[in-house]
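Hi,

Here is the structure I promised to pass on to you. Have a look at it first, and then read my notes below.

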Amino acid sequence: MVFVLFILIQAVSAFGFTKEKTLEKPNVILIMADDMGFECLSTYGSTEYRTPVLDSLAAHGIRFENCVSQPLCSPSRLKLMTGMYNYRNYEHFGYLNPNQYTFGNLMQEAGYATCIAGKWQLNGLSNKDIVPTWHDNRMPNHFGFGEYCLWQLTKSGAEGERYAAPLFEKNGELIQGSEDQYGPDFFSDFVIDFIERKKDERFFIYYPMVLVHDPFVPTPDSPDWKNAGDRYKKDTAYFKDMVAYTDKIVGKITRKLKDLGLDKNTLVIFTGDNGTHPTISTSTSQRIIKGGKGNTTDAGTHVPLITYWPDQIRQGRSFAGLIEFSDFFPTFAEIVNRKIKTDSKSFYPLLTGGKYQPRSTAFVHYDPRWSPNVNQYRNQFVRSLDYKLYQDGKFYGLKEDILESRLLDREKLSRQESSVLLDLQKEMDLHPKWR
């Protein structure tokens, strides 16, 4: 009898049915570039920039073809971090209310060591008169990040920049870098150090990069960096160098994972917070794409999304279905076996080869509450893969008109288009109109 029981235990283990194996959780690193549309990566067809590290991650992971962000940084960050549509919790630009629950809180409560590095811009610095906690440097800890190294926490960009001679805050300490020091190196070094210190624990790292946001200036790999006086010389020609440095930093992090033997069971996610700056036009294999940051067009909301997890994603592939920024939160919740109410859909089954029903639509509520120049693009839309409906009734066919230059005539719609329009309108009606 004992012998039979031993054989059964061995068989169960061999087929991977043990509880321990099933529940093993990955480390998670979420890297988000600032102002980088999908067209900036060569894996998405860019012919202007070289991104070999990210291209390799895409080739050995999953490249998502249709990830829909918010059009601007703060709206995207709130939707990403909380899994909620902006009409629920976006109060004004650059502010995350302390009453919110983020994926940092989620992962920390699940036992993960957590940290955040890069751009914060969520303390309400633009509204100091109505935000009593704008100066509180413990806000990252409050939102579930055990450690942090951040730009624009309690000091605005006007008080200190992000690139050469950066001004940032690290676990309560205000640090002014020298003119020879480069902000993105500080943040990535902090991430590397955290990985080394937490290599024997489960960790969650959120790295909202400061690259590739303007000002477009030299990187340490640019020839003009040699002249200290040119390190804030602004020219869109440097954008190419900034994209290359972003790729270099991702390579630095993934190499560290491999060196420590952590790469197999670490889920690395790379995305962008919104479209590229409008002053940047990028040549791709299909067309030239003018950056659409701030606008609800495809160029303003279509961002790269790459997932790399060798333990689960053993063959590179692409996924053409829609993903929206609210989907990250429930994905992380499913990783740690938590049920969380959000406005979204977990894409965890896509990563593990499970059953997944693609979302039929993506919804964006965009009310930036920033400058008049930005607020003019305030809007709502629901889109499928091929069609897009705005809250004012404008209806576009994206497959043939990605620039949204030709309204579809409702009097001349095909039967299929009429059906799609009806479905999109039903989805739109589920959401509140402008307050």
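**What I found**

Four bridges join β5 to strand β6 (residues 173-176), and the two run antiparallel. Please keep in mind as you read that this is a predicted model. The bridge partner of E169 in β6 is L174. Between β5 and β6, which form a hairpin, there are 2 residues, and N171 in the turn has a positive phi of about 45°. β5 also has strand β4 as a partner: β4 (residues 147-151) and β5 (residues 167-170) pair in the antiparallel sense over 2 bridges. There, C149 has K170 of β5 as its bridge partner.

β4 and β5 turn up again around helix α8. What covers the buried residues of this helix includes β1 (27-33), β3 (113-119), β4, β5, β7 (203-208) and α9 (239-259). Which residues of α8 are buried? They are G183, P184, F187, S188, F190, V191, I192, F194 and I195. The length of the helix can be checked too: α8 (residues 183-197) has 15 residues, so at 1.5 Å a residue it should span 21 Å, and its end C-alpha atoms are indeed 21 Å apart.

Further along the chain you will find an open sheet of 4 strands, in the order β13-β14-β15-β16, with antiparallel pairing. Its edge strands, β13 (362-366) and β16 (395-397), each pair on one side only. On average, neighbouring strands of this sheet are turned by 15° against each other, direction ignored. Helix α14 (residues 415-428) packs on the sheet and touches β13, β14, β15 and β16. The direction of α14 makes about 45° with that of β15. Within the sheet, β14 (residues 379-383) and β15 (residues 387-390) pair in the antiparallel sense over 3 bridges, and R383 has K388 in β15 as its bridge partner.

Finally, the pockets. The largest pocket has a volume of about 710 Å³. Of the 38 residues that line the largest pocket, which are the closest to its centre? They are L72, H213, H277, K293 and V374. The elements that give two or more residues to this lining are β10 (288-290), α10 (298-301) and α13 (372-375). β10 gives the most, with 3 residues.

I hope this helps you find your way around. Enjoy exploring!

Best wishes

Terms used:
Residues are numbered from 1 along each chain as its sequence is written. This is a predicted model: local features need pLDDT of at least 70, side-chain atom pairs count only at pLDDT 80 or more; totals for chains, interfaces and linings use all residues. Side-chain values use heavy atoms; hydrogens and water are left out. Two strands pair if DSSP finds at least two bridges between them. Axes are lines fitted to C-alpha atoms, for helices over the stretch in contact, and angles run from 0 to 180 degrees between N-to-C directions. Contact means heavy atoms within 4.5 Å. The expected span of a helix is 1.5 Å times one less than its number of residues. Buried means under 20% relative accessible area, exposed over 50%, partly exposed in between (1.4 Å probe, protein chains only). On a 1 Å grid over the protein atoms alone, a cavity is a set of points where a 1.4 Å probe fits but cannot get out, and a pocket is an open set with protein on both sides within 12 Å along at least five of seven lines; lining residues have an atom within 4 Å of a point. Grid points are joined across faces, edges and corners, and a volume is the space filled by probe spheres set on the points.
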